[in-house]
Each structure stands twice: as C-alpha cells, then as structure tokens.
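Trainee: I would like a close look at a single part of this model, followed outward into the parts around it. Please keep the answer connected.

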Amino acid sequence: MKGMGLMPQQKRKPMSEINVVPYIDVMLVLLIIFMVTAPMLTQGVKVDLPQTTSDPIQQDKDVESITVSVDANGAYYMDIGDRSSDPMTLAEVREQVANILSQRANGEVLVRGDEFVEYGVVVRLMAELQAAGATGVGLITDAPQERP
C-alpha cells in the first residue's frame, strides 16, 4: 500500500538558517530611493564642460531651438528658431524662457557665450534659465581652428 498516499508523517528538524530574501528586498528598495534622491541633493548649475572637439548637438527638427547669447559687454540676446531679439535684461530673458517652456515638453536651452565675457555672467544666466524651467542647458562652442 505504498502507492495509496498513506505515508507516515515525517518530523522536520527546525531550520537554523536565516531567510535573507526579505532583507535583500529592503536593501534594493533603499538603493533605488538613494539613486533617485542623490542627484536632487547637489547644488549649483549643472554644466558639462566642452572638450576641444565635440560632436554636433542632435536636435528635434519639429521644435524650434531656444538660444540665449551673451556678448562681450554682457548683453543678453534670445534666438528662437531663426528669429532674433534686441538686447534684453536677465529678468526679461527668464520671463520669456519661462513662458516658452511652459508650452513645451522639451526644456532644453542652448547658451552661446562670448569668449571674453566674464564667467560669472554666464553662470548667472544658466542659473536663471534653470529657475525658468530649463531641464537641460547646453553650451555652444565653435570648432577649433586648425593651424597651418
């Protein structure tokens, strides 16, 4: 009668091993939380400094690019697509960029700074662009001149 399913009850020994699966789950959740919150803890303006040579920026053809230029005197100009503006104040730039970005899903803005403008002027501009809602701020550079 072995095959009838009437097997004698076997007594189990108590396990002395710790089940670590729940601890691994908690650790992974904490890791994800820290990975998400760590970039938010940094302060300052995010800038990827250009190298001597760089690849062209890939832009969406359907969306007009927003380019804010700073000349050597510290005056701001805003180009949207192929339209240019007159000199503007920093507050005007922030207001117009905020208005444009509120209507767009893409929050990227490009900055073209004169070689001889002070570093602080460009940093203030980038901080104002981030405050206006720009999710990405790129720096436009020219390709280096080859020497003969």
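Trainee: Which residues does serine 69 touch, not counting residues up to four places away in sequence?

Mentor: This is a predicted model. Leaving out residues up to four places away in sequence, serine 69 touches Ala75, Tyr76, Tyr77, Asp79 and Arg112. Serine 69 lies in strand E1. Its relative accessibility is 11%, and because the cut-off for buried is under 20%, serine 69 counts as buried.

The strand that holds serine 69 belongs to an open sheet of five strands, ordered E3-E2-E1-E4-E5, with mixed pairing. Strands E3 (83-84) and E5 (136-139) are at the edges; each has a single partner strand, so one side of each has no neighbour in the sheet. At the E3 edge, strand E2 (residues 76-80) runs antiparallel to E3, and two bridges join them. Isoleucine 80 has arginine 83 in E3 as its bridge partner.

Two helices come next. Helix H2 (residues 90-101) packs on the sheet and touches strands E1 (66-70), E2 and E4 (108-113). The direction of H2 makes about 20 degrees with that of E2. Helix H3 (residues 119-131) lies across E1, E2, E4 and E5, and runs at about 165 degrees to E4.

H2 and H3 also pack against each other, at an angle of about 30 degrees and with their axes 9 Å apart. Angles under 35 degrees count as roughly parallel, so H2 is roughly parallel to H3. Their crossing is right-handed. H2 contributes Leu90, Val93, Arg94 and Val97 to the contact, while H3 contributes Arg124, Leu125, Glu128, Leu129 and Ala131.

Several of these names return in the largest nonpolar core. That core has 22 residues, of which Val68, Met78, Val93, Val97, Val109, Leu125 and Leu129 touch the most other members. At least two core residues come from each of E1, E2, H2, E4 and H3. H3 supplies the largest share, five residues.

Methionine 78 is one of the core members just named. Again leaving out residues up to four places away in sequence, methionine 78 touches Ile66, Thr67, Val68, Arg83, Ser84, Ser85, Met88, Val93, Gln96, Val97 and Ile100. Val93 and Val97, both on that list, are also among the residues through which H2 contacts H3.

Methods. Residues numbered from 1 in each chain as written. Predicted model: local features only at pLDDT ≥ 70, side-chain atom pairs only at ≥ 80, totals over all residues. Heavy atoms only, no water. Pairing = 2+ DSSP bridges. Helix = DSSP H or I, 4+ residues; strand = E, 2+ residues; numbered from the N terminus. Contact = heavy atoms within 4.5 Å. Axes fitted to C-alpha atoms, helices over the stretch in contact; angles between N-to-C directions. Core = buried A, V, L, I, M, F, W, Y, C linked by side-chain atoms within 4.5 Å. Buried < 20%, exposed > 50% of the residue type's maximum accessible area, 1.4 Å probe, protein only. Parallel < 35°, antiparallel > 145°, perpendicular 65-115°, else oblique. Left-handed = near helix turned anticlockwise from the far one by under 90°.
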